Amino acid sequence: MISFESICARDILPEGEQIPAHILPIYATSTFLYGTAENAMEVFKGNRQAYLYSRWANPTIDAVEEKIAALETYGLTDANGNPLEAKALIFSSGMAAISALFLSNLKPGEAVVTSGNIYGTTTELLQTSLAELGMKAVFTDLTDMEQLEDILKSTSGAKMIYIESPSNPTIQCYDIEAIATIGRKYGCKIAVDNTFASPYLQQPFRFGADFVVHSTTKYLNGHGTAISGIYIGTDIPFIQKKAWRMRKLYGGNSNAFDAWLLNNGIKTLPLRMEKHCSNAKEIANWLNTHPAIAHVNYNGLETHEGYAITKKQMRLPGGMISFELKAGFDAGVKMMNNIRFCSLTSTLGTTDTLITHPASMTHINVSKEQRLDSGITDGLIRMAVGLESVEDIIADLEQSIAG
Ligand SMILES: *Cc1c(COP(=O)(O)O)cnc(C)c1O
């Protein structure tokens with residue numbers, strides 16, 4: 001078996017290609033030629049596999065799905081000791097992948113159990129669209145195993161536990177293995193949003209997850225050039241039939257160009273993640289001694305409540321940091337106006353460092369009570385640490401905090 005880094009660096013090329021391209025080609029084509037009537041008959045009957053239409057499958061997209069499935073299962077074995085296999089489907093966005101995950105697993109009357117601090121749009125999806133379809137969402141503290149067990153006992157139709165780890169805004173980590181062990185006892189499937197970690201830092205299948213989803217828009221693409229998502233599962237027939245049918249019928253397919261950008265990004269994933277993590281560590285240590293800062297949320301600090309879990313299930317603590325300015329809301333606004341080097345925007349996983357003040361930006365329309373409930377305090381600053389020299393990033397933090 002070749003190494004994780006080698007899987008990232010080398011292209012998977014479509015089989016049977018006549019022109020010996022070295023790099024994965026972009027198959028910008030909506031349909032594929034049937035050849036003969038006999039061939040078409042066999043393909044439509046399902047007796048022969050072939051490309052027909054790019055909403056169903058596309059060779060560029062297939063190659064990237066195969067690569068990400070290989071990364072998420074790298075080095076893992078199944079119950080019989082054989083290499084663990086998974087099937088992945090790329091979608092038009094992280095949200096399309098997450099919607100397909102819920103829609104393919106839950107029926108009306110059934111419930112998903114999750115935590116209150118997952119990605120805001122995922123919460124909205126559960127509370128509006130899926131609620132209208134009769135699916136329930138129960139929010140709990142997934143660090144509290146007794147409470148989780150009580151909820152699983154008392155919730156009728158609980159079919160899935162949905163974990164996002166690490167998650168916003170306090171860079172909270174959840175013990176996937178412990179949650180999966182309890183969840184399985186109550187017949188739940190375990191799904192993990194692995195966006196903040198990437199498969200280089202964390203492989204949820206190692207800890208008993210059934211499904212992994214990503215907003216590949218973030219670290220996997222790595223350059224902020226395209227929106228896409230992925231839905232991966234170890235039950236291959238389920239993904240090939242039920243999850244694939246979701247994509248085919250609801251039309252949440254991605255396209256060859258975005259998949260190709262994603263493929264390009266993955267080639268340097270290990271290198272980038274190492275640098276995101278080493279920069280984040282230095283910055284967190286620097287922030288931790290700064291007199292204007294009340295506390296730093298970075299799961300690589302021994303004082304962080306998720307430190308032990310992070311050590312257990314992640315290779316490195318990741319590139320996300322948040323911290324609390326002692327002087328609160330106004331200090332946050334001032335600091336943002338003084339930023340010169342970092343980019344004032346709210347995604348993550350790009351090569352540059354991104355910084356936001358959620359209370360005055362992404363969460364300005366959320367009531368203060370609800371905002372505080374999800375850990376977004378007045379002086380909280382969120383950083384997605386980039387790949388620049390760490391001295392440049394710290395210099396900008398120093399002058400913008402001083403200002
Ligand atoms: C961005 C993000 C999503 C949504 O992904 P899109 O690609 O924007 O649709 C879901 N989960 C997490 C953790 C994210 O950061």
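How many helices and strands does the chain have? The chain has 16 helices and 12 strands. The model shown here is predicted.

**View 1. The whole chain has 16 helices and 12 strands.** The radius of gyration is 22 Å, close to the 22 Å that the globule rule gives for 403 residues, so the chain is as compact as a globular protein of that length. Along the principal axes, the C-alpha atoms fill a box of roughly 75 × 55 × 40 Å. Of the 403 residues, 53% count as buried.

**View 2. The ligand is surrounded by 15 residues.** Which of them come nearest? They are Met95, Asp193, Ser215, Thr217 and Lys218. By type, the shell around the ligand divides into six nonpolar, six polar and three charged residues. Helix H4 covers residues 94-105 and gives the most to this shell, with three residues.

**View 3. Met95, Asp193 and Thr217 each place an N or O atom by the ligand.** For Met95, look at the backbone: one of its N or O atoms lies 2.9 Å from a ligand oxygen. For Asp193, look at the side chain: an N or O atom there is 2.7 Å from a ligand nitrogen. Thr217 also uses its side chain, where an N or O atom is 2.8 Å from an oxygen of the ligand. How much of the ligand does the protein cover? On its own, the ligand has 380 Å² of accessible area, and the protein covers 92% of that.

**View 4. Helix H3 spans residues 59-72 and is mostly covered.** H3 has 14 residues. From its first C-alpha to its last, H3 reaches 20 Å, close to the 20 Å expected at 1.5 Å a residue. Of its 14 residues, 11 are buried. Among them are Pro59, Ile61, Val64, Ile68 and Leu71. Charged names appear in the buried list too, including Glu65, Lys67 and Glu72. Which residue caps the N-terminal end of H3? Asn58 does, with a side-chain oxygen 2.9 Å from the backbone nitrogen of Thr60.

**View 5. Ile2 lies in the segment before helix H1.** Helix H1 covers residues 4-9. Is Ile2 buried, partly exposed or exposed? Its relative accessibility is 48%, so Ile2 counts as partly exposed. In sequence, Ile2 and Gly75 are 73 residues apart. In space, their C-alpha atoms are 9.9 Å apart.

**View 6. The loop between strand S4 and helix H8 holds Pro166, Pro169 and Ile171.** Strand S4 covers 158-164, and helix H8 covers 176-185. Most peptide bonds are trans. A cis peptide bond, though, joins Ser165 and Pro166, with omega about -10 degrees. Another cis bond joins Asn168 and Pro169, and its omega is about -20 degrees. Further along this loop, Ile171 has a positive phi, near 55 degrees, and is not a glycine. Ile171 has 1% relative accessibility, so it counts as buried, the cut-off being under 20%.

**View 7. Ser198 has a positive phi in helix H9.** Most residues other than glycine have a negative phi. What is the phi of Ser198? It is about 75 degrees, although Ser198 is not a glycine. Helix H9 covers residues 198-201. Ser198 is buried, with a relative accessible area of 0%.

Note on methods. Residues numbered from 1 in each chain as written. Predicted model: local features only at pLDDT ≥ 70, side-chain atom pairs only at ≥ 80, totals over all residues. Heavy atoms only, no water. Near = heavy atom within 4 Å. Polar contact = N/O pair within 3.5 Å; in protein donor to acceptor, adjacent residues only side chain to side chain. Areas by Shrake-Rupley, 256 points an atom, 1.4 Å probe, with all protein chains shown as cover. Helix = DSSP H or I, 4+ residues; strand = E, 2+ residues; numbered from the N terminus. Expected span 1.5 Å × (residues − 1). Buried < 20%, exposed > 50% of the residue type's maximum accessible area, 1.4 Å probe, protein only. Rg over C-alpha atoms; globule rule 2.2 N^0.38 Å.
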